[in-house]
Every structure is written in structure tokens, then in C-alpha cells.
Amino acid sequence: EYRSGDQIWFRQVEEADWPRCVNRDVLVPRPGGRFAFGRMIDRDGRRVALFPPGAGQRQVVVDNAAWLAVAEMLVRKL
């Protein structure tokens with residue numbers, strides 16, 4: 001569960017290691033300078049399917065992802 005104000009640190013992953021990121025939280029660039037964040041649920045080549053955090057969110061599919069970064073650390077103020 002992520003909360004407002006949380007900081008998430010990411011590590012960029014080589015394309016050969018993308019299969020190991022299934023069921024992990026990842027950040028993927030989208031066209032137009034936007035990003036998609038969520039749990040990676042599927043991968044087919046450079047096509048990545050994510051399930052965003054939060055109730056009622058729909059699956060996001062990013063075609064031809066330029067890179068992928070996996071969540072490494074969560075920083076939360078007390």
C-alpha cells in the first residue's frame with residue numbers, strides 16, 4: 001500500500017532481466033513524456049502489462065517500452 005508523500009526509489013533494469021520483474025512494482029515510460037506505474041503482470045518482448053495500485057484501476061499496457069525500472073526502496077516519513 002502506497003500513501004501520499006511516499007518516496008519510491010527505482011533501479012533501471014536491463015531488458016534481459018525484465019522477466020524477473022513480473023509481480024514487482026515498476027515504472028515504465030509512456031509516449032508524451034508520461035509514465036506508467038504499477039505491478040507488472042505480463043510481458044511479451046517490449047510490451048509490458050501493469051496493474052496500477054489502488055482499487056478500481058484498470059490494467060495499463062505499454063507497447064514498445066524504452067526502459068523499465070523496478071522499485072527498490074520505499075521511504076516514508078514518520
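**Reading strands, burial and contacts**

Q: Let's start with strand pairing. In S5, which residue is the bridge partner of Ala-49?
A: In this predicted model, Ala-49 is bridged to Val-61 of S5. Pairing takes at least two bridges between strands, and S4 and S5 have three, running antiparallel.

Q: How many bridges join S3 to S4?
A: Five, and S3 and S4 are antiparallel too. For a residue-level handle, take Arg-43, whose bridge partner in S4 is Val-48.

Q: How many residues sit between S3 and S4 in their hairpin?
A: Two. While you're at the turn, check the backbone: Gly-45 has a positive phi there, about 65°.

Q: Now S6. How many bridges join it to S1?
A: Seven: S1 (residues 7-13) runs antiparallel to S6 (residues 68-75). One of the pairs to click on is Gln-12 with Ala-69 of S6. S6 also pairs with S2 (residues 25-30), over two antiparallel bridges, and there Val-26 has Val-70 as its bridge partner in S6.

Q: On to the core. Which residues have the most contacts inside the largest nonpolar core?
A: That core has 14 residues, and the best-connected ones are Cys-21, Val-26, Val-28, Met-40, Val-48, Leu-50 and Leu-68. Next, see which elements supply them: S2, S3 (34-44), S4 (47-51), S5 (60-62) and S6 each give two or more residues to this core.

Q: Which residues is Leu-68 in contact with, once its neighbours within four places in sequence are left aside?
A: Quite a mix. Leu-68 contacts Cys-21, Val-26, Val-28, Met-40 and Val-48, each of them also listed among the core residues with the most contacts. Other partners of Leu-68 include Trp-18, Leu-27, Arg-11, Gln-12 and Val-13.

Q: How about a charged side chain: is Asp-25 buried or exposed?
A: Here you go by a cut-off: buried means under 20% relative accessible area. Asp-25, in strand S2, comes out at 12%, so it counts as buried.

Q: What does the side chain of Asp-25 make a polar contact with?
A: With the side chain of Arg-39, at 2.8 Å, and there is also a 2.4 Å polar contact between the side chains of Asp-25 and Tyr-2. Beyond those two, its contacts outside the local sequence take in Phe-37, Gly-38, Ala-69, Val-70 and Ala-71.

Q: And Asp-6: buried or exposed?
A: Asp-6 is in the segment before S1, and it is buried because its relative accessible area is 17%. Its side chain makes a 2.8 Å polar contact with the side chain of Arg-76. A polar side-chain atom of Asp-6 also lies 2.7 Å from the backbone nitrogen of Arg-3. Leaving out neighbours within four places in sequence, Asp-6 contacts Glu-1, Leu-74, Val-75 and Arg-76.

Q: Where is Trp-9 placed, and what does its 46% relative accessibility make it count as?
A: Trp-9 is in S1. Since 46% falls between the buried and exposed limits of 20% and 50%, Trp-9 counts as partly exposed.

Q: Which residues does Trp-9 touch, not counting those up to four places away in sequence?
A: Val-70, Ala-71, Glu-72, Met-73 and Val-75. Look back at the strands: S6 covers residues 68-75 and is joined to S1 by those seven bridges. For a distance to try on screen, go from Trp-9 to Ala-66: they are 57 residues apart in sequence and 19 Å apart, C-alpha to C-alpha.

Technical notes. Residues are numbered from 1 along each chain as its sequence is written. This is a predicted model: local features need pLDDT of at least 70, side-chain atom pairs count only at pLDDT 80 or more; totals for chains, interfaces and linings use all residues. Side-chain values use heavy atoms; hydrogens and water are left out. Helices (H or I, at least four residues) and strands (E, at least two) are DSSP runs, numbered from the N terminus. Buried means under 20% relative accessible area, exposed over 50%, partly exposed in between (1.4 Å probe, protein chains only). A polar contact is a pair of N or O atoms within 3.5 Å; within protein, one must be able to donate a hydrogen and the other to accept it, and residues adjacent in sequence count only if both atoms are side-chain atoms. Contact means heavy atoms within 4.5 Å. A nonpolar core is a set of buried Ala, Val, Leu, Ile, Met, Phe, Trp, Tyr and Cys residues joined through side-chain atoms within 4.5 Å.
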